[in-house]
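Dear colleague,

Please find below the structure I promised to pass on to you. My notes on it follow directly after.

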Amino acid sequence: SRQFVCAQIDIILLDDAAHTRMMTRRYRPMMAAYKFLGSLLLLKTIKANPCAPPQIRLRNNTLNKTIAVVLRGEAFRNTGQQHVRGTCGCALAWRTQRRIFEDHEKWFAALQRSGYGVDVFAATRPCSDPNATYNATETLQEWYGSKMKVSVEDVDDGLPFAQVRNRDRAIALVRDYSHQHGVNYAYVFIMRWDFKIDVSKWRPRCVLDGTLKDSRHLIWRMKDQDQMQVVPGALADCFYKQNADRSAVLNGTRLVRPSDCTWDACLQRVWIRTGGLGRPPKHPPLVVQHLWKPGECPTPWAEKVVHRAGPHIGRGRLKDIAVCERADADQRRVDHWQACKDKSPGQMQRAGLGCIRDGVVTNDTTAVPPFDSA
């Protein structure tokens, strides 16, 4: 009996093994198909989220050796002083913008020596002076020539968030061109028209290191975030997504604006959403007594141009500036909206006069005192 039971167990074990082999052979193609479909689903999920680290790592292997330079705001500024939006109203405005273009040409040549091509995109304000003898957008297109891939004239409507909406439109140009033409830029620069460049102080290693940077990390002794941003190409799609349109309402009119990352164009949000990828180095302390030394990062390679009278300016230039100041006499406009103090104390959004409560712009007396920034 004992021998019979053992034999029976042996037969059952043999039958189970044979059954397993048979089932494995029968369902192996199906199991492989499920595994393949699972992989496709994972890839689709990753692709749908451009901030997913696997997607960023994949994109990093497909970058072109080209840099996108995205220019926004007012070109041909008369004085360039705080909140003064006048353009094309004096000879000095044209000469200054021409010198900035020539600086750009030298900078592009330096980038090319480092192995990078350059594509330019621009959202340009039209001339505010009705008597201007040139068209700002057309002039810039002529100067930049074939490097200028897309340029649009973006009228300042005087409504809230005008500067931020102009930046968003400029970013959308490079986003759409990149997707339509299959160009994965190595880096995307977003910068204002009114910055002159000293190419002798340009240091690629201080900028092109694969990290996100705003103007505090890019320009020596710069305190504002919104003057310039640099986005590594692997993070570009995530950056575009974070700059998606939001809206506020003014007198029944819906105005497009970013939600809560106005100043740095959402760079901090990008490195948070990507789990720290591209996190910038800590920007240097803004100590007036600290003088820049060769080899330090960042460098004083870019500087905002402002025309303002002073004791060390020659008589001829003072006359030129006086003409520009007369042209700007009626061009001053404060363009900041603030969160209402009782709702969000200490918070602020760029746009115009008043404050924002629950996404609606109001002329509320509880607004935080005006915040002044270039």
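Two strands count as paired if DSSP finds at least two bridges between them. The model in which this rule is applied is a predicted one. One bridge of this kind has methionine 191 and methionine 228 as partners, the latter in β7.

The sheet

That bridge belongs to an open sheet of 6 strands with mixed pairing, in the order β3-β2-β1-β4-β7-β6. Its edge strands, each paired on one side only, are β3 (148-153) and β6 (213-214). β4 and β7 run antiparallel and are joined by 5 bridges; β6 and β7 are also antiparallel, with 2 bridges between them. Within β7, valine 230 stands opposite phenylalanine 189 and is the bridge partner of lysine 213.

How well is β7 covered? Of its 5 residues, 5 are buried. Met228, Val230 and Pro232 point one way, whereas Gln229 and Val231 point the other way.

Two helices pack against this part of the model. α3 lies across β1, β2 and β4 and runs at about 160° to β1. α4 packs on the sheet as well, where it touches β1, β2 and β3, and its direction makes about 175° with that of β3.

The nonpolar cores

In soluble globular proteins, nonpolar side chains tend to be buried together. The largest nonpolar core here has 39 residues, and those with the most contacts inside it are Trp107, Tyr144, Phe189, Trp202, Leu208 and Trp301. Among the elements that give it two or more residues are β1 (66-73), β2 (117-124), β4 (187-192) and β7 (228-232) from the list of strands, and α3 (91-113) and α4 (136-144) from the list of helices. α3 gives the most, with 5 residues.

Which residues does phenylalanine 189 contact, leaving aside its neighbours within four places in sequence? They include Ile67, Val69, Trp107, Trp202, Leu208, Val230 and Trp301. Apart from this core lies another, of 28 residues, with Ala123, Val188, Ile190 and Leu267 among them.

The disulfides

The count of disulfides comes to 4; I describe three of these below.

- Cysteine 51 is joined to cysteine 238, with S to S 2.0 Å. The torsion about this S-S bond is about 95°, so the disulfide is right-handed. Cysteine 51 lies in the loop between α1 (2-48) and α2 (53-60) and cysteine 238 in helix α8 (residues 236-242), so the pair ties together parts 187 residues apart in sequence. Because its relative accessibility is 4%, cysteine 51 counts as buried; cysteine 238, at 0%, is buried also.
- Cysteine 88 is joined to cysteine 127, with S to S 2.0 Å. Here the torsion is about -70°, so the disulfide is left-handed. The pair links the loop between β1 and α3, which holds cysteine 88, to the loop between β2 and α4, which holds cysteine 127, 39 residues apart.
- Cysteine 90 is joined to cysteine 324, with S to S 2.0 Å. This disulfide is right-handed because its torsion is about 95°. Cysteine 90 is in the loop between β1 and α3 and cysteine 324 in helix α10 (residues 315-327), 234 residues apart. Both cysteine 90 and cysteine 324 are buried.

Overall figures

The protein has 10 helices and 14 strands. Of its 374 residues, 46% count as buried. Its accessible surface comes to about 19600 Å², with 54% belonging to carbon and sulfur atoms. Residues 24 or more positions apart account for 71% of the contacts with a separation of 6 or more.

With kind regards

Conventions
Residues are numbered from 1 along each chain as its sequence is written. This is a predicted model: local features need pLDDT of at least 70, side-chain atom pairs count only at pLDDT 80 or more; totals for chains, interfaces and linings use all residues. Side-chain values use heavy atoms; hydrogens and water are left out. A nonpolar core is a set of buried Ala, Val, Leu, Ile, Met, Phe, Trp, Tyr and Cys residues joined through side-chain atoms within 4.5 Å. Buried means under 20% relative accessible area, exposed over 50%, partly exposed in between (1.4 Å probe, protein chains only). Helices (H or I, at least four residues) and strands (E, at least two) are DSSP runs, numbered from the N terminus. Contact means heavy atoms within 4.5 Å. Axes are lines fitted to C-alpha atoms, for helices over the stretch in contact, and angles run from 0 to 180 degrees between N-to-C directions. Accessible areas come from the Shrake-Rupley method with a 1.4 Å probe; for residues, only the protein chains shown count as cover. A disulfide is a pair of cysteine sulfur atoms within 2.5 Å.
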